[in-house]
Amino acid sequence: MSAAITTESSREVRVTVRDLVKTFGSQTVLQGVNLDVRAGETLVIMGGSGCGKSTLLRLLIGSHKPTSGSIHLLGQDIASISDEAFDDIKRQFGILFQSAALFQSMSIADNVALPLREHTDLDPEVIEMIVKIKLELVGLRQHADKLPSQISGGMAKRAGLARAMAMDPKILFYDEPSAGLDPVTSAEIDQLIKELTLNFAVTSVVVTHEMDSAFMIADRMLMLDGGRVLKVGQREEFERIRQISDAEATTLSDDDQIIRQFLRGAADGPITRRRSEDDYREDLLGEDFHEENAIRAKVPTKRI
Ligand SMILES: Nc1ncnc2c1ncn2[C@@H]1O[C@H](COP(=O)(O)OP(=O)(O)OP(=O)(O)O)[C@@H](O)[C@H]1O
Ligand SMILES: [Mg+2]
C-alpha cells in the first residue's frame with residue numbers, strides 16, 4: 001500500500017480521554033469516560049440536559065480538574081504538565097462556548113485580534129490582515145468595526161468562531177454552537193465547522209442538542225447518559241439506530257433504545273419511562289416510605 005494514503009486510523013490523535021471521573025461533592029457527574037479524537041475529525045457529543053456534556057468540555061480545556069483519569073491534548077497529559085507547557089497547548093486550541101462571550105466594549109475586529117495581540121509578537125499590520133482573513137471566512141468582514149451590541153446573535157456566534165480560529169488552532173471545542181440560531185444561520189455555522197475540519201484538518205469536539213446539525217457535521221458521535229458513555233461510534237452507526245422502526249426497536253439493547261429515543265426526539269421511550277412514579281413517590285416521601293403507606297397517603301401516581 002502506498003505510504004501517501006492516509007487512513008483514518010493513521011491520523012494523529014489529538015484528544016485522548018481515559019477513565020475520566022468527575023465528582024462535585026457527593027454527585028458523580030462523569031463516571032469513567034473514554035474517547036479519542038483525531039486530526040481532521042469532528043466528534044459530536046450528545047446527551048440529555050445535565051448529563052455532563054459541558055463539564056466534559058470544561059475538563060478538556062483545563063478549566064476543571066479531573067477527580068481521576070487522564071486527558072491528553074496534542075500528546076501531553078494536561079494534569080501533569082507545567083503552566084508554561086499548558087499555555088503553549090492553550091494557544092493551539094480554540095473555544096466557542098454557548099454565549100459567544102465577546103468583549104462588549106471592543107469592536108468585532110478587536111475581539112478577533114485579542115488572542116493574537118496577547119499570544120504573539122506579530123506586527124499590528126499582520127494582525128490586521130489575519131483578522132480580515134478570519135472575518136471574511138465567517139462572512140463578517142464588512143462588520144469589523146461594529147460593537148457586539150450592534151450585531152445579531154448569529155453574527156456574534158460567527159464572530160466568536162472567528163476569534164476561536166484567530167490562532168489557527170489544531171483543536172476547536174464548541175458548546176452548542178447553533179443554540180438559539182435560526183435554521184439558516186445554524187446551517188451556516190455547521191458548514192463552517194465542516195470546512196475547518198476538511199480544509200485545515202482541525203479537530204472539532206462539538207456538544208449539540210440539534211440533531212440535524214449533529215448528523216451534518218459529525219464523523220463520529222458519542223452519547224452520554226448520566227455521565228456514562230452509552231456509545232461512541234461512526235455517524236452511520238447512529239444513523240442506523242435512528243432509522244430503526246418501532247417494530248425492530250424492541251430487539252435493540254437497552255442502551256441503543258435510549259439512544260434511539262434521543263436521536264428521534266420521541267416523547268415516549270426508556271428515557272421518559274425511567275423517570276418513574278416510584279422516583280416521584282420517593283422524592284416526595286423519602287426512600288423508606290412503604291408502598292402501603294403511599295397508598296394510604298393517596299400519593300398522586302401521575303406526574304403533572
Ligand atoms: N461547578 C459545578 N459545581 C457543582 N455542580 C456542577 C458544576 N458544574 C456542573 N455541575 C453539575 O453537573 C451536572 C452536569 O452539568 P453539565 O453542565 O455538564 O450538564 P450538560 O450536559 O452540559 O447540560 P445542558 O445540556 O443542560 O447544558 C449537573 O447536575 C450540574 O448541576
Ligand atoms: Mg451544557
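# Reading a predicted model, from threonine 55 outward

Reader: Leaving aside its neighbours within four places in sequence, which residues is threonine 55 in contact with?

Author: Once the neighbours within four places in sequence are set aside, threonine 55 is in contact with Lys22, Phe24, Val29, Leu30 and His64. Please keep in mind throughout that this is a predicted model, and that every value we discuss is computed from it.

Reader: Where does threonine 55 lie, and is threonine 55 buried or exposed?

Author: Threonine 55 lies in helix H1. To classify a residue, one compares its relative accessible area with a cut-off, and buried means under 20%. Threonine 55 has a relative accessible area of 10%, and therefore counts as buried.

Reader: How many of the residues of H1 are buried, and which are they?

Author: The helix is mostly covered, since 6 of its 8 residues are buried. These are Lys53, Thr55, Leu56, Leu57, Leu59 and Leu60. Just after H1 comes glycine 62, whose phi is positive at about 85°.

Reader: Turning to the ligand, how many residues surround ligand 1, and which are the closest?

Author: A residue enters such a shell if one of its heavy atoms lies within 4 Å of the molecule. Here 13 residues surround ligand 1, the closest being Ser49, Gly50, Lys53, Ser54 and Thr55, so that the threonine with which we began belongs to this list as well.

Reader: Which helix or strand gives the most to the shell around ligand 1, and what classes of residue does the shell have?

Author: Helix H1 gives the most, with 3 residues, while both strand E2 (27-38) and helix H1 (53-60) supply at least two residues each. By class, the shell has 8 polar, 3 nonpolar and 2 charged residues.

Reader: Which atoms lie at what distance from the oxygen atoms of ligand 1?

Author: It helps to separate side-chain atoms from backbone atoms before reading the distances. Among side chains, a polar atom of serine 49 lies 2.5 Å from an oxygen atom of the ligand, and a polar atom of glutamine 27 lies 2.9 Å from an oxygen atom of the ligand. From the backbone, an N or O atom of glycine 52 lies 3.0 Å from an oxygen atom of ligand 1. Ligand 1 has 640 Å² of accessible area on its own, and the protein covers 63% of that area.

Reader: Threonine 42 is a further residue I would like to understand: where does it lie, and what does its side chain make a polar contact with?

Author: Threonine 42 lies in strand E3, which spans residues 42-46, and its side chain makes a polar contact, at 3.1 Å, with the side chain of threonine 197. With a relative accessible area of 1%, threonine 42 is buried. Beyond four places in sequence, threonine 42 is in contact with Thr197, Ser204, Val206, Ile217, Ala218, Asp219 and Arg220.

Reader: How far apart are arginine 228 and valine 33 in sequence and in space?

Author: Sequence separation and spatial separation are best read side by side. Arginine 228 and valine 33 are 195 residues apart in sequence, yet their C-alpha atoms are 6.4 Å apart in space. Arginine 228 lies in strand E10 (residues 228-234), is partly exposed at a relative accessible area of 37%, and, outside its neighbours within four places in sequence, is in contact with Gln31, Met223 and Asp255. For the chain as a whole, among contacts between residues at least 6 apart in sequence, 64% join residues at least 24 apart.

Reader: Which residues other than glycine have a positive phi?

Author: Two cases can be named. Leucine 74 has a phi near 50° and lies in the loop between strand E4 (68-73) and strand E5 (76-77). Aspartate 168 also has a positive phi, of about 50°, and its place is in the loop between helix H5 (153-165) and strand E7 (171-175). At 56% relative accessibility, aspartate 168 counts as exposed.

Reader: What pLDDT does the protein chain average, and where does pLDDT stay under 50?

Author: The chain averages a pLDDT of 87, and 87% of the residues score at least 70. Over residues 1-5, pLDDT stays under 50, and the model has 0 contacts for them beyond four places in sequence. Over residues 292-304, pLDDT likewise stays under 50, and the model has 12 such contacts.

Reader: How many helices and strands does the protein chain have, and what share of its residues is buried?

Author: The secondary structure comes to 13 helices and 10 strands, and buried residues make up 44% of the 304 residues. The chain exposes about 16000 Å², of which carbon and sulfur atoms supply 49%.

Terms used:
Residues are numbered from 1 along each chain as its sequence is written. Chains are lettered from A and ligands numbered from 1 in the order in which they are written. This is a predicted model: local features need pLDDT of at least 70, side-chain atom pairs count only at pLDDT 80 or more; totals for chains, interfaces and linings use all residues. Side-chain values use heavy atoms; hydrogens and water are left out. A polar contact is a pair of N or O atoms within 3.5 Å; within protein, one must be able to donate a hydrogen and the other to accept it, and residues adjacent in sequence count only if both atoms are side-chain atoms. Accessible areas come from the Shrake-Rupley method with a 1.4 Å probe; for residues, only the protein chains shown count as cover. Helices (H or I, at least four residues) and strands (E, at least two) are DSSP runs, numbered from the N terminus. Ala, Val, Leu, Ile, Met, Phe, Trp, Tyr, Cys and Pro count as nonpolar, Asp, Glu, Lys and Arg as charged, and the others, Gly among them, as polar. Buried means under 20% relative accessible area, exposed over 50%, partly exposed in between (1.4 Å probe, protein chains only). Contact means heavy atoms within 4.5 Å. pLDDT is the predictor's confidence in each residue, from 0 to 100.
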